[in-house]
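Let's take a walk through this structure, one piece at a time. Keep the view open so you can turn to each spot as it comes up.

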Amino acid sequence: MFPTRQRFFIFRRAVVLLHLATFSVFGQHLTSVRGSGLGAYTALSDDIASIDWNPAGLVSVRDWDVNTSLYSAFRRDVSSKGISLYAAGSAKRFLDFHVVAGSYAPGMSLEFAVGKPAVLDSTSTTIDQQDHITYRESYALGYGYQMTPTVGLGLSARYREQMVTSRQIVLNEFSGARIRTDDYSASAWNIDIGLLWKPNAEWSLGAVAKNLFRLTESELPEGVLSYGLRNVKTLRVGAAYHPSKLAKVALDFDTKAMGGFGSEWTLSDRWQLRQGVWFGGRSAKFFAGLSAGLGFSYGPAKINVSYVRFLDQSSRTNPTLTQFLEKGVQDLGYNVFTPDQLSISASIALGRTKDTWAKIEYVQILSEVYPSSYQVHAFRPLGKARVRNVSTKPIEARVSFFVEQYMDNPTETRSYYIEPNGEVDVPFTAIFNEAIRFVPSMVLRAADVFVKSSPAADYDDKSQTRLIIRGRNDWDGDALSLRYFITPEDPDIMRFTRNALSQQKDSAAGGSRQLEKFRSAKTLFNEFASRLTYVNDPKATKDRVQFPSETLALRGGDCDDMTVCFSSLLASIGVSTAFVDVLPPQRPDGGHIYMMFDTEVPAKQATVISENPKRYVVRKNERGEETVWIPVETTAITEGFTRAWEQGAKEYFDEVEVGLGLVRGWVRLVDVLPGR
Amino acid sequence: MRSSNFVLMLLTLFWITGCQEKLPVELAPEQSPAVLEMKSIPAIDPALIVEASVDTSGITQAEERTYPATFLVNGVKTDLGYSRSTFSYSRMLLNDRKAPISDYGKVIGYLGLDVGNAKVNSVNLPKTSRPLRTYESFVPGWNAGASYMLVDQNDQPISDFTYAAGQQYKFRADGKGKVASFELSVQSPEEITVVEPRAGSVAFRDEDLKIRWNGSIGSTFRVLISSFDPQSNIPVKPLLEVKVMEGTNSLVLPSSVLKGLRSGSAGRYLFSVISSNRIQTRIPGYSEDVLVQASSIHNVLLWLK
């Protein structure tokens, strides 16, 4: 792809080319230099010249295509007049499946001087009474529609002008000889319809109905109608076979028994060699001509050269009026008067230029992104893209995902094998950067999803989707996600715990080491209780959670905030905690969360904590050892540790032991493992 | 190479090519191989003295002016479709360029010279006082000098002279004044008869017209196409002269030529097929070249649509 600025310059220069083209006058030409080298191009049309050969070929244009061509004719009866510009045109793909094209072809013209018997005036001077016939097809428009990945339809309209200047000697008995000049003109849009079908990687088939419709603006009068262009409806079909990556063979044949066959050989990444044989038509010999061509491509630029030599020169050298009237002219590009010629064309593809093998059918984002838990998306799919193989061969496709500002680099999935025309759902992850942690409130961001197939260096297709990024305090209501608000290494937390524990250092001295965790928790809780107050969520929802440092700074929070904050304080001194997530089935709105912590006192010695087994919970810690856990209702913080313990133990006993909440699934214990 | 450079290269190519202009494809003319040359004939000057019409004399007004002295012997057939006539014509005329006849300051002819008694072979060529007759007036006026003709003033034969093909004709005169006696000979060509198209038939301007004749042609062979209007002061007005190659017996007139023929004669054209043996020579006492011509002339009327 080109930077925008460069695109602009290229476009501007292309416009200049088109203007320059208007200042030249030309003769016959074979449209498409590549096609003339091959002799058969109906099934291989893939550039701006498709307008004339097979408009369905326009569907091969990827984005912008700018083309221009030059030629030199070699008639054997007159000397060559050098090189002339033939045409300049451009095509553009839009809305994925549509291509429009336009060309200005001053070289698409023919001029005949009709010889008449020489008549001398009374002074024996020859009186010029030549008729001049001029045909032009200067303007053409084309449209291509990609019906399916393998079928393209095309339509082209060529503006045909016919001008006849009739010079007639008038022998009058009174005034003698004089010349009368009459000018006639006619114009029409001739419509062609083409089809291109690539059933597999080896074959491509094309058909084009020429002059299928005609929108006539004006006709030549009866007297000079014999000088007019033929507008015969013709069906031309073509086939191309690709036996290997190195070769292509192509055949064209039409209802006028005219056609050609040729081959193209890939010599290297940049060079192609072509040769063709032209046959039939109105030629006096079955093999009408031979052609050869050379193609060179460098990145988006292509240069083609071809030379066509006609074996039948009967009407190409010193043609007569009889031959003209008998054979006529249907195709301005190739007809029985077309001389041998050398042609050169240069084209450049702008914008996206590569073949598309994989397409993104749609993208589904599976979840919103919570900054508190942004890391999970590095492992857990954030979304999935349905990818279709639109090529005729199997591909390996990979999907990339990128959100500007919140990701440093795109993530890329593994390769997925997709059969031709098959589709696969590819899950993708996202690695967000730290910036996402500071999103104050919910934002909507555009996210780019790319797919590229294995042989491609660039991506094949791109899709954009919407990604919801929640604010840093937003919570999805899942207790599992609450873990991501635990910040034991936060300096404010560390400072709080160190200060609290150092003040209680003396009172703790001499106590049982077995109860060290218990005492520390109790000290922290009481210190915590002395400074904080339980308050309701400011938005009266449970979807907002304060980070522990915020709770400390604000000196309060709701149950979620308090639970998270106290868990963080305990975690900072190495005490394991767990959330008790309660969602009573009879009262879905009565959801609640509190916590418990591990005293690390073995279950067998639980009596050192309490004689009453209802005051504690025995459960396995992360090392697999059964230890004593103390439930604490953090919302009862103002009533001190003992009361909070008592209330937590009661709630646990009622909900788990009596209500069988754990067994029935409406109570869940979520171990807090910071950083996981 | 950067793409922008590539486009610059294209620009350079355009500059190199510039405005090369291509010649049109010349389509060779469809001309009968028998035709040597076609030449338009200047319109008749109606003020000039009339010697004889081209269908009778076999020479045009321009030739009359080129050759002041003419010795003619012609076998003339005229087919109009509805009528056919034949007659033999002979004339001896020597104009004196030193004695122009003027009308309102314009030279309209010259006085004819009296060269004494004259004969063509053994037949006397009667000397007549040439009337001064123009296309405009067509009425005999004052005397324009002497001429020797086998037709009267109304172009009617005045003797039993009969033109014969392949015969030697001798013009003799006794001489008078500066002009000494002389004898000039010419061999008459074979008789020419047009066999295609039929007289009085219609030919179409959109189609080529083939003209075919019998008889070997003389040293000069031409077809004069004239508009034809018997009601006009100038019934026959030559328009086009087609010179034909020796040894041929047909020619094709292309339709483009036929389309160019325009007249007020309602589409009637006289095709005068003239086979001549011509001699250009001198006679003692006369300062200019003289034309001696024996012709077989077949006039055929065609209607061009």
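Where is the place of A:N211? Before you go looking, keep in mind that this is a predicted model. The residue sits in strand β10 of chain A, which covers residues 203-218. What catches the eye there is the backbone: A:N211 has a phi near 55 degrees, a positive value in a residue other than glycine. As for its surroundings, 19 other C-beta atoms lie within 10 Å of A:N211, so this residue counts as partly exposed; the cut-off for buried is 20 or more.

A second residue of this kind is A:R555, which is not a glycine either and has a positive phi of about 60 degrees. You'll find A:R555 in the loop between α9 and β27 (556-557) of chain A. Because A:R555 has 10 C-beta neighbours inside 10 Å, it counts as exposed.

Now for some strands in chain A. Start with β12 (residues 247-254) and β13 (residues 258-266), which run antiparallel and are joined by seven bridges. To find the register, look for A:L251, whose bridge partner in β13(A) is A:F261. The hairpin these two strands make has three residues between them, and A:A257 takes a positive phi near 60 degrees there. Carry on along the chain and β13(A) pairs again, this time with β14 (residues 271-280) of chain A, in the antiparallel sense over nine bridges. Here A:E264 has A:R274 as its bridge partner in β14(A), and the hairpin of β13(A) and β14(A) has four residues between the strands. If you want the chemistry behind all this, strands of a sheet pair through backbone hydrogen bonds, either parallel or antiparallel.

Further along chain A comes an open sheet of three strands, in the order β18-β19-β23, with antiparallel pairing. Its edge strands are β18 (358-365) and β23 (423-428) of chain A, each of which pairs on one side only. On average, neighbouring strands in this sheet are turned by 25 degrees against each other, direction ignored. β18(A) and β19 (residues 383-389) of chain A are joined by seven bridges, and one pair to pick out is A:I365 with its bridge partner A:G383 in β19(A).

On to the helices. With 13 residues, α6 of chain A (residues 491-503) should span 18 Å at 1.5 Å a residue, and since its end C-alpha atoms are 18 Å apart, the two agree. Which residues of α6(A) are buried? They are A:I493, A:F496, A:T497 and A:A500. These residues cover an arc of only 90 degrees around the axis, so they are on the same side of α6(A). Turn to the face away from that buried side and you meet the exposed residues A:P491, A:R498, A:N499, A:S502 and A:Q503. The cover over the buried residues of α6(A) includes α8 (516-531), α9 (548-554) and α10 (559-572) of chain A.

Two of those covering helices deserve a look of their own. In α10(A), 14 of the 14 residues are buried, so this helix is largely enclosed by the rest of the structure. α10(A) reaches 20 Å from its first C-alpha to its last, close to the 20 Å expected at 1.5 Å a residue. Just after α10(A), A:G574 takes a positive phi of about 85 degrees.

Then there is α8(A), which packs with α11 (residues 640-658) of chain A at an angle of about 105 degrees, their axes 8 Å apart. That angle is why α8(A) counts as roughly perpendicular to α11(A). The contact is made by A:K522, A:F525, A:N526 and A:A529 of α8(A) together with A:G640, A:F641 and A:A644 of α11(A).

Finally, swing over to chain B, which has four helices and 20 strands. Buried residues make up 45% of its 305 residues. Among contacts in chain B with a separation of 6 or more, 66% are between residues 24 or more positions apart. For another pair far apart in sequence, take B:E63 and B:L291: they are 228 residues apart along the chain, and their C-alpha atoms are separated by 9.4 Å. B:E63 lies in helix α3 (residues 61-66) of chain B, and it counts as partly exposed because it has 16 C-beta neighbours inside 10 Å. The last stop is the peptide bond from B:E196 to B:P197, which is cis, with omega near 0 degrees. B:P197 lies in the loop between β12 (193-196) and β13 (202-203) of chain B.

Key. Residues are numbered from 1 along each chain as its sequence is written. Chains are lettered from A and ligands numbered from 1 in the order in which they are written. This is a predicted model: local features need pLDDT of at least 70, side-chain atom pairs count only at pLDDT 80 or more; totals for chains, interfaces and linings use all residues. A residue is buried if 20 or more other C-beta atoms lie within 10 Å of its own, exposed if 12 or fewer, and partly exposed in between; C-beta atoms are placed from the backbone. Two residues are in contact if their C-beta atoms, placed from the backbone, lie within 7 Å. Two strands pair if DSSP finds at least two bridges between them. Axes are lines fitted to C-alpha atoms, for helices over the stretch in contact, and angles run from 0 to 180 degrees between N-to-C directions. The expected span of a helix is 1.5 Å times one less than its number of residues. The arc is that of the directions from the helix axis to the C-beta atoms. Angles under 35 degrees count as roughly parallel, over 145 as roughly antiparallel, 65 to 115 as roughly perpendicular and the rest as oblique.
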